[in-house]
Amino acid sequence: MAATEPSRYLARSLPRAIVPSARSQGLCWRRNASDQASAKPSDALSQLESEGALKGTADVTEVAKSFDPIARVRSRKNQLPRSRYQFRSPKYDRGPLHPHRPPHPSDPSSRLFVPGPFSLPRVGQTHESTIASDIMTLCYIHNPPGFKPPTKGPRLREWDDSSPYHKNRQLRGPRGGDVLRLLRKPIGFNNIPRLDRITVHSYVQNAATENSSWMHVAGLALQSITNARVETSRSRTSVPKWGIVAGRDAVAAKAELRGETMEHFFSKLLDIVLPRIKDWQGIKGSSGDSSGNITFGMDPEQVALFPEIEINYDMYPPKMIPGCHITFHTTAATDKDARLLLSALGVPFHGKLID
């Protein structure tokens, strides 16, 4: 056995043409295309050409001329229903047990689908790359290993048995005059405050007292500066002093901005409009609704500083340019976190800060 090993390795090192084949030279029923081509090249090529799939097909122009889809449809005995190829998603979500549910807004077949984004706004890019990590660092709460939070006592106090009148009485409220507020949860990676939407609202009093042209100008002005569709609101209550009738007169216009449109408007407001306002100190520190929403107002002279109105100033009558209130809706739970987010984005605040 040892004597045959060198011969085997020697056979592997030699060229294939020199080494004799170890197969039996008996009958072989396997046919290879390479063997046939090396034997008779002309016969192999002729066989391949004869068996080709393109040789037996008709001319392409003749097939194209004979194709008539309209005649094929008319020749059908039973026409297909119109809704077979036209999918229209349900308008309302009627619950998880309903057989027909609307698709997700990210699905192109959804009624709520919005294509995009088609650009990379500065606000979104700055929040993802810088602000989110900075807020995580500022609001970080370290709990050492083995830390256990103290057990919370009952919010309502029980009565002691010092008096027979304490029996079967309801629990008392907490100590102190004010009701205890809920503390916000620690900020983590899944609840970092961010800008949710921006609402631009304008109240037009003269639209009800004089004529509707004031409302048209206000709607066009808001639509031009926000690049969003404007909704009008009617008065809910009657004001006889101003001549306003409830449900009849449109007295306000509103535009809600989300996503890419919101980020473009915020960047334009922060970089172009606000720096041009003279003696503007910033948003008041007392602004807020204790739920993370910050509001400030702009006069008609300040609204006219938007580039969309300034470049077409002759199109808007100066006395009809409206003022507006701009509300920043954030996902923060408190005004303190909302101001922290807006300050990181570049919004100035002044005055006493009220949380």
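1. A quick definition before the sheet: two strands pair if DSSP finds at least two bridges between them. Keep in mind that this is a predicted model. With that in hand, look at Glu231, which stands opposite Lys254 in S3. The strands behind that match are S2 (residues 231-234) and S3, which run antiparallel and are joined by four bridges.

2. S3 (residues 250-257) has another partner to look at: strand S1 (residues 195-203) pairs with S3 over six bridges, again in the antiparallel sense. If you want a spot to zoom in on, try Ser202, which sits opposite Ala253 in S3.

3. Now the helices. How do H6 and H9 cross? The axes of H6 (residues 122-138) and H9 (residues 259-273) come within 7 Å, with a crossing angle of roughly 95 degrees. Since 65 to 115 degrees counts as roughly perpendicular, H6 is therefore roughly perpendicular to H9.

4. Which residues make that contact? On the H6 side you'll find Arg122, Val123 and Gly124, and they meet Glu263, Phe266, Ser267, Leu270 and Asp271 in H9. By character, the residues of the H6 contact with H9 split into three nonpolar, two polar and three charged.

5. One more residue to click on is Leu120, in the loop between helix H5 (69-74) and H6. Is Leu120 buried or exposed? Its relative accessible area is 64%, so Leu120 is exposed. Leu120 and Glu263 are 143 residues apart in sequence, while their C-alpha atoms are 9.5 Å apart in space. Glu263 is also one of the H9 residues in the contact with H6.

Note on methods
Residues numbered from 1 in each chain as written. Predicted model: local features only at pLDDT ≥ 70, side-chain atom pairs only at ≥ 80, totals over all residues. Heavy atoms only, no water. Helix = DSSP H or I, 4+ residues; strand = E, 2+ residues; numbered from the N terminus. Axes fitted to C-alpha atoms, helices over the stretch in contact; angles between N-to-C directions. Parallel < 35°, antiparallel > 145°, perpendicular 65-115°, else oblique. Contact = heavy atoms within 4.5 Å. Nonpolar A, V, L, I, M, F, W, Y, C, P; charged D, E, K, R; others polar. Buried < 20%, exposed > 50% of the residue type's maximum accessible area, 1.4 Å probe, protein only.
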